[in-house]
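Subject: Handing over a structure

Dear colleague,

I am passing on a structure for you to look at, and below it you will find my notes on what turned up. Please keep the sequence and the 3D view open while you read.

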Amino acid sequence: MNVFWNSRERRLRAFWRIFLQTATIVLLSAGAFIVLMSVGGISGRPIEEDPLLIVVSNLVMIAAVAICGRVLDRRVLTDFGMQWNSSWFVDFSAGLLLAAFSLVAMLCVMLAFGWVRVSPTIDVVSQLPMLVVWLIAFVSVGFGEELLARGYYLRNLAEAFRGGRMSANVAVLLAFVVSSVVFGVLHIPNPNMTPMAAANLCLAGVVLGLPAVLTGRLGMSVGFHIGWNYVLGNVLGFPVSGLPMQSRVLETESVGPEWITGGPFGPEGGVI
C-alpha cells in the first residue's frame, strides 16, 4: 500500500492533506504578517487582543481551507459544511440564540448566588465603533475556526481513521474526539489558563462539533461560536478564554470562588 497516495481516490492520503493544509496556513500567515508589518498594520499587541490581526488570521484559515480543499481534497467549501441554504441559516440563527440564552441564564445564576457584580459601562455610546469592530472580528473567528476545525480537520481525520479499516461510525467518533481535544489544546497559551479551563475548552470542542457531525452543516457551530464569544465578552463583560474585552456593554466582576466562576480566565475556566 502506498502510504502517500490513494490510487482509488487519486489524491494524497488524509493525514498528508492535513499536514500540507497546516503548512499552507503557516506560510500564508507569514506572508500576511510580513505585508502588515511593511504597511504599519501591526499594533504591537498580542494577536488575540488586536481585532485586525484576528480578522487577518481567520481569513488566512478560510483561504487555506478553500485552496487546499480544491487542490488536495478536490472539494469546495460547501463540501466542508458551508452549504448557504435555508437550513444552514436556520441552524446559524439557532446557534446564535442558543449561545445568547445560555450565557444570559448563566449570568442570572451567578447573580442569584452573589458570584458576580454587574453595572452598565460608563458612556457605552462612545464604545459603539469598537463594539462593531469586535463583532466583525468574532464573526471571522466563528467562520475561520469552525471551517478549519469542524470542516476540514474533522472530515479529513475521519477519512484517515476510516482508511485504517475502522468502521465509519467509529472513525467519525474518534475524529470528533481528537478534533475536540486539539481545539482545547490550541487554547493552552491563552493567559490565565488552568487545567479546568483546558478541560472546559475541550468540552467546548464537543459542543461545537456535535451539530456538524449530526447535520453535516456548520451553520449551528458557526452561529454558536460567534454568539458565545461576542455575548460573553462584549455584551456581558466577562473575559473570553482568558482575554479581557476592553469594549463591553456591562462591567462584570467575578467575586465568587474561582473554581466556580473561572476567575480571571472567565466563566469558561469554572464549573459554571
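**Charged pairs around R75 and R11**

R75 is buried, with a relative accessible area of 11%, and since this is a predicted model, please read that value and those that follow as computed from predicted coordinates.

R75 forms a salt bridge with E159, in which the closest N and O atoms are 2.2 Å apart. R75 sits in the loop between α2 (51–73) and α3 (86–112), while E159 belongs to helix α4, so this pair ties together parts of the chain that are 84 residues apart in sequence. E159, for its part, is partly exposed, with a relative accessible area of 27%.

E159 also forms a salt bridge with R11, and here the closest N and O atoms lie 3.3 Å apart. This second pair again links distant parts of the chain, because E159 is in helix α4 (residues 128–162) and R11 is in strand β2 (residues 11–12), 148 residues apart. R11 is buried, with a relative accessible area of 10%.

The side chain of R11 meets that of E9 as well, in a salt bridge with an N to O distance of 2.8 Å, and E9 is partly exposed, at a relative accessible area of 29%.

If you follow these contacts from one residue to the next, which residues are linked in a network of salt bridges? The network is made up of R8, E9, R11, R17, D73, R75 and E159. For the wider setting, a search of the whole structure finds eleven salt bridges.

**Cysteines**

How many disulfides does the structure hold? The number is zero, and two cysteines are worth finding in the view while you consider that result. C68 has a relative accessibility of 4% and therefore counts as buried, the cut-off being under 20%, whereas C108, at 47% relative accessibility, counts as partly exposed.

When you go through the model yourself, you could begin at E159, which forms salt bridges with R11 and with R75, and then work outwards from there.

With best wishes

Note on methods
Residues are numbered from 1 along each chain as its sequence is written. This is a predicted model: local features need pLDDT of at least 70, side-chain atom pairs count only at pLDDT 80 or more; totals for chains, interfaces and linings use all residues. Side-chain values use heavy atoms; hydrogens and water are left out. A disulfide is a pair of cysteine sulfur atoms within 2.5 Å. Buried means under 20% relative accessible area, exposed over 50%, partly exposed in between (1.4 Å probe, protein chains only). A salt bridge is a side-chain nitrogen of Lys or Arg within 4 Å of a carboxyl oxygen of Asp or Glu. Helices (H or I, at least four residues) and strands (E, at least two) are DSSP runs, numbered from the N terminus.
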